[in-house]
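The exercises below concern one protein chain. Each has a task sentence and a solution in steps.

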Amino acid sequence: GRHTRGDIAARLSECGVSTREEIVYEQKLLSLSDEADRLLKDGVPIILPLFSPRVARQFAESAYISVNLHVVAISPAVARILGSLETVETPDSVSLANAVARMAERLRRVEG
C-alpha cells in the first residue's frame with residue numbers, strides 16, 4: 001500500500017531476499033459519517049476496531065473520546081495513539097473480530 005510501516009522491501013533485501021516495492025493500493029482517509037459523529041456526541045456505547053496507526057491518528061484528531069468509546073487495537077502501535085486500550089494478541093482481522101465480540105459480551109454483562 002501507499003501508506004505502510006516497517007519498510008518490508010528494504011528489510012527483506014537486507015536479509016538476502018531480492019525485493020522491489022510496488023504500490024498496489026491506496027487507502028484513502030474518509031471523514032466520519034454524520035450518523036457516527038452523532039452517536040459519538042450522544043455518548044452511545046461504541047466498540048471501535050482500529051486497524052492502523054494512520055487511521056487511529058485521524059480518529060484521535062477528529063473524534064470525540066468518551067468513557068463510552070471502547071477501542072480494540074490491532075497492534076501496540078495503534079493502541080499507543082489513543083492511550084491504554086485493548087490490543088489483540090496477533091495482528092489479523094480474525095483476532096480483531098474475536099476481541100470485538102469479547103468486548104461486546106463484557107459490555108452486555110456490565111449493562112445487563
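**Exercise 1. Describe how the two faces of strand β2 are covered, and give its pairing with β1.**

Step 1. On one side of β2, Leu69, Val71 and Ala73 are buried, and on the other side His70 and Val72 are buried too, so that both faces are covered. Buried stands for under 20% relative accessible area, exposed for over 50%, and partly exposed for the range in between (1.4 Å probe, protein chains only). Strands (E, at least two residues) and helices (H or I, at least four) are DSSP runs, numbered from the N terminus.

Step 2. The model is predicted: local features need pLDDT of at least 70, side-chain atom pairs count only at pLDDT 80 or more, and totals for chains, interfaces and linings use all residues. Residues are numbered from 1 along each chain as its sequence is written, and side-chain values use heavy atoms, with hydrogens and water left out.

Step 3. β1 and β2 pair in the parallel sense over five bridges; two strands pair if DSSP finds at least two bridges between them. Ile47 has His70 as its bridge partner in β2, and Leu48 has Val71.

Step 4. From β1 the chain crosses through α3 to β2, a right-handed β-α-β crossover. Right-handed means that, with the strands pointing away from the viewer, the path from the first strand over the helix to the second runs clockwise.

**Exercise 2. State the strand order of the sheet and find its edges.**

Step 1. The order is β1-β2-β3, in an open sheet of three strands with parallel pairing. β1 (46-50) and β3 (86-87) are the edge strands, each pairing on one side only.

Step 2. The pairing of β2 (residues 69-73) with β3 is parallel, over two bridges. Here Ala73 stands opposite Thr87 in β3.

Step 3. Which face of β1 is covered and which is uncovered? Ile46, Leu48 and Leu50 form the covered face, while Ile47 and Pro49 form the uncovered one. In a regular strand the side chains alternate between the two faces of the sheet.

**Exercise 3. Place Met103, Asn98 and Glu89 in the fold and classify their exposure.**

Step 1. Met103 is in helix α5 (residues 93-111). Its relative accessibility is 7%, so Met103 counts as buried.

Step 2. Leaving aside residues up to four places away in sequence, Met103 touches Ile47, His70, Val71, Val72 and Glu86; contact means heavy atoms within 4.5 Å. Leu32 lies 71 residues from Met103 in sequence, with a C-alpha to C-alpha distance of 22 Å.

Step 3. Asn98 is also found in helix α5. With a relative accessible area of 40%, Asn98 is partly exposed. Its C-alpha atom is separated by 25 Å from that of Ala63, 35 residues apart along the chain.

Step 4. Glu89 sits in the loop between β3 and α5. Glu89 counts as exposed because its relative accessibility is 82%. Between the C-alpha atoms of Glu89 and Ala77, 12 residues apart along the chain, there are 13 Å.

**Exercise 4. Describe the largest pocket and the largest cavity by volume and lining.**

Step 1. On a 1 Å grid over the protein atoms alone, a cavity is a set of points where a 1.4 Å probe fits but cannot get out; a pocket is an open set with protein on both sides within 12 Å along at least five of seven lines, and lining residues have an atom within 4 Å of a point. Grid points are joined across faces, edges and corners, and a volume is the space filled by probe spheres set on the points.

Step 2. The largest pocket holds about 350 Å³ of space. Its lining comprises 19 residues, of which Leu32, Leu48, Leu50, Val55 and Phe59 lie nearest the centre. At least two lining residues come from each of α2 (34-42), β1 and α3 (53-62).

Step 3. The structure holds one cavity of 30 Å³ or more, and the largest cavity has a volume of about 30 Å³. Residues lining the largest cavity include Leu39, Leu40, Val44, Ile46, Tyr64 and Leu69.
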